[in-house]
Amino acid sequence: VFIMATITTKETRAVNWANPGTLKVGDEIWAYYIGAGSTGKMSTRLAVSTDGVNFEDRGVVVEPTPGAWDSNMSSFAGVWLDDGVYYLVYEGSSEDGSNRGAVGLATSTDGIHFEKQGKILDYTGMGIEAANVGTPDLYKEGDTWYLFYHCFDFQTCQVCVATGPDL
C-alpha cells in the first residue's frame, strides 16, 4: 500500500509512507507509519487526517527497546480497534542479529500511548519461515483473530496467516 499524502511535521526529515496501518477513529483517519524514533531507528509513528490527503504527524507511538529482541526496529505496523482497545502488531528485529525478524504486540486504550506485550510470532528457522517473518497486519472476525504476515526463506517472500481466539 502506498498513500500519496502530505505529512506535516515539526522538523524536516524523510518520511517513509509505505505500508501504513490505518483506522477510522471518529471523523479522522489514523495512520501508523514507518518513521524515525528518538534514536533514529525505524519506529512506528502516528499521523492523523480529516481528509485522507493531509496528515499531521503526532509522533512516535512504538520504538525499539534497547537490548531487547526489537532493539533495531519496531515498525511496519498493522492495527485493529476492538472493544476500546487498540491492538498494534509490528515487525521487530535486534541489533545483534539474534532476531532477524519477528512480530510483536503493543496495546493501548487511546491509540497513542502503547504498552508492548512482547513477541507473539517468531520465525521458525525452517521452511518458509527460515529467514524471518514480519510486515504484519491484523484483522478480527467474530471471535477469531487473523494475523497476516510475510514469511521469508532466503529466496521467496510469501504471505502467511496465523489464526486463533486470542493474540
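## A tour by selection

Welcome! By the salt-bridge rule used here, the count comes to 6 salt bridges. What you have open is a predicted model, and the charged pairs make a good place to begin.

**Stop 1: K41 and E95**

Select K41 and E95 and show their side chains. They meet in a salt bridge, with N to O at 2.7 Å. Now colour the strands and see where the two partners sit: K41 lies in the loop between β3 and β4 and E95 in the loop between β7 and β8, so this pair ties together parts that are 54 residues apart in sequence. How covered are the two partners? K41 is partly exposed, with a relative accessible area of 24%. E95 counts as partly exposed too, at 49% relative accessibility.

**Stop 2: D57 and R45**

Next, select D57, in strand β5 (residues 54-62). Is D57 buried or exposed? At 11% relative accessibility it counts as buried, because the cut-off for buried is under 20%. Add R45 to the selection: the side chains of D57 and R45 meet in a salt bridge of 2.6 Å, N to O. As D57 lies in strand β5 and R45 in strand β4, the pair ties together parts that are 12 residues apart in sequence. R45 is buried as well, with a relative accessible area of 7%.

Stay on D57 for a moment and bring up the backbone of G59. Which G59 atom lies 3.4 Å from a polar atom of the D57 side chain? It is the backbone nitrogen of G59. The side chain of D57 also makes a polar contact with the side chain of R45, at 2.6 Å.

**Stop 3: R58 and E56**

Move along to R58, also placed in strand β5. R58 forms a salt bridge with E56, and the closest N and O atoms are 3.8 Å apart. R58 counts as partly exposed at 41% relative accessibility, and E56 is partly exposed with a relative accessible area of 42%.

Before leaving R58, draw a C-alpha to C-alpha distance to W30. The two residues are 28 apart in sequence and 9.7 Å apart in space. Keep W30 selected, as it returns at the next stop.

**Stop 4: the nonpolar core**

Which residues have the most contacts inside the largest nonpolar core? They are W30, Y32, V62, Y86, L88 and F114, in a core of 17 residues. To see where the core draws its members from, highlight the elements that give two or more residues to it: β2 (16-25), β3, β4 (42-49), β5, β6 (73-82), β7 (85-93) and β8. The largest share, 3 residues, comes from β7.

**Stop 5: aromatic rings**

Now show the rings of Phe, Tyr and Trp. How many aromatic pairs are there? The count comes to 7 aromatic pairs. Take Y32 and F114 as an example: their ring centres are 6.0 Å apart and their planes at 90°, so the pair is edge-to-face. This pair links distant parts of the chain, with Y32 in strand β3 (residues 28-36) and F114 in the loop between β8 (102-108) and β9 (115-121), 82 residues apart. Both Y32 and F114 are buried.

For another view of aromatic residues, select W80, Y139 and Y146, which form one aromatic cluster. Leave Y139 highlighted and turn on the surface.

**Stop 6: a nonpolar patch on the surface**

Which residues join Y139 in a nonpolar patch on the surface? F148, V159 and V161 do, and together the four residues have about 380 Å² of accessible area. Zoom in on F148, which lies in strand β11 (residues 144-152). F148 counts as partly exposed, at 35% relative accessibility.

**Stop 7: S74**

For the last stop, select S74 in strand β6. At 0% relative accessibility, S74 counts as buried, whereas F148 on the patch is partly exposed. Add V103 and draw the C-alpha distance: the two atoms are separated by 9.1 Å, while the residues are 29 apart along the chain.

Terms used. Residues numbered from 1 in each chain as written. Predicted model: local features only at pLDDT ≥ 70, side-chain atom pairs only at ≥ 80, totals over all residues. Heavy atoms only, no water. Helix = DSSP H or I, 4+ residues; strand = E, 2+ residues; numbered from the N terminus. Polar contact = N/O pair within 3.5 Å; in protein donor to acceptor, adjacent residues only side chain to side chain. Phe/Tyr/Trp six-rings, centres within 6.5 Å; stacked < 30°, edge-to-face > 60°. Buried < 20%, exposed > 50% of the residue type's maximum accessible area, 1.4 Å probe, protein only. Patch = residues over 30% accessible without salt bridge, like charges linked within 9 Å, V, L, I, M, F, W, Y side chains within 5 Å. Areas by Shrake-Rupley, 256 points an atom, 1.4 Å probe, with all protein chains shown as cover. Core = buried A, V, L, I, M, F, W, Y, C linked by side-chain atoms within 4.5 Å.
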